[in-house]
Amino acid sequence: MKNRFYLADRITEFRMAKGVTEREMSRQLGHSLGYINRITSGKGFPGWHGIVEIMQYFDVSPGVFFWDEEGMSKESELILRTRELPEKERDVLFRIINSLLSDKDAKEAKH
């Protein structure tokens with residue numbers, strides 16, 4: 001990890017994007033209410049099982065979770081914000097993305 005607070009910073013970034021408090025996240029993970037606060041304040045470390053549990057909570061892969069924040073921040077936020085949409089709107093967004101990529105592939109094939 002880049003620094004000793006990288007894990008804490010990533011948890012905070014994803015938690016804020018999801019719109020939950022540290023206490024809510026701790027409770028939803030089935031831990032004491034101060035669980036996430038201990039991690040983000042540097043007073044505790046979740047261990048590898050806990051890190052996996054946290055990634056599952058945010059529904060992100062290790063690649064997304066541990067990616068350099070400068071290179072992935074906007075993409076992480078986009079992924080998390082997309083999950084806030086109702087399923088019908090996510091389907092529309094998915095079709096738009098596929099259409100844009102198909103157009104891009106078609107243009108590249110012509111050249």
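1. Of the 111 residues in the chain, 28% count as buried. The model is a predicted one. The chain has seven helices and zero strands, so a reader following the sequence meets the pattern α-α-α-α-α-α-α. Residues 24 or more positions apart account for 54% of the contacts in the chain that have a separation of 6 or more.

2. The largest nonpolar core is a convenient place to begin. This core has 18 residues, and those with the most contacts inside it are I11, M25, I36, I54, F58 and F65. Two or more residues each are given by α1, α2 (22-29), α3 (35-40), α4 and α5 (62-66). Which helix gives the most to this core? That helix is α4, with five residues. As a general matter, nonpolar side chains in soluble globular proteins tend to be buried together.

3. Helix α1 covers residues 6-18 and helix α4 covers residues 47-58; their axes come within 11 Å and cross at roughly 25°. Angles under 35 degrees count as roughly parallel, and α1 is therefore roughly parallel to α4. The crossing in which α1 passes α4 is left-handed. On the α1 side the contact is made by L7, I11, F14, R15 and K18, and on the α4 side by I51, I54, Y57 and F58. Sorted by type, the residues of this contact are seven nonpolar, no polar and two charged.

4. Helix α4 also meets α2. How do these two helices lie relative to each other? The axes of α2 and α4 come within 11 Å and cross at roughly 105°. Since angles of 65 to 115 degrees count as roughly perpendicular, α2 and α4 are roughly perpendicular to each other. Here M25, Q28 and L29 of α2 meet E53, I54, Y57 and F58 of α4. The residues of this contact divide into five nonpolar, one polar and one charged. I54, Y57 and F58 are thus named on the α4 side in the contact with α1 and again in the contact with α2.

5. I36 is among the residues with the most contacts inside the largest nonpolar core. With neighbours within four places in sequence left aside, I36 is in contact with I11, E22, M25, S26, L29 and I54. Of these partners, I11 belongs to the α1 side of the contact with α4, while M25 and L29 are in α2 and I54 is in α4.

6. S26 has its place in helix α2. Is S26 buried or exposed? S26 has a relative accessible area of 0%; because buried means under 20%, S26 counts as buried. Not counting residues up to four places away in sequence, S26 touches H31, S32, L33, G34, Y35 and I36.

7. E53 is found in helix α4. Which residues does E53 contact, once neighbours within four places in sequence are left aside? The partners are L29, H31 and Y35. E53 and L29 are 24 residues apart along the chain, and their C-alpha atoms are separated by 7.8 Å. H31 and Y35 are also among the residues that S26 touches.

8. One backbone detail is worth checking by eye. D59 has a positive phi of about 55° although it is not a glycine. D59 is found in the loop between α4 and α5, and both of those helices give two or more residues to the largest nonpolar core.

Notes: Residues numbered from 1 in each chain as written. Predicted model: local features only at pLDDT ≥ 70, side-chain atom pairs only at ≥ 80, totals over all residues. Heavy atoms only, no water. Axes fitted to C-alpha atoms, helices over the stretch in contact; angles between N-to-C directions. Helix = DSSP H or I, 4+ residues; strand = E, 2+ residues; numbered from the N terminus. Parallel < 35°, antiparallel > 145°, perpendicular 65-115°, else oblique. Left-handed = near helix turned anticlockwise from the far one by under 90°. Contact = heavy atoms within 4.5 Å. Nonpolar A, V, L, I, M, F, W, Y, C, P; charged D, E, K, R; others polar. Core = buried A, V, L, I, M, F, W, Y, C linked by side-chain atoms within 4.5 Å. Buried < 20%, exposed > 50% of the residue type's maximum accessible area, 1.4 Å probe, protein only.
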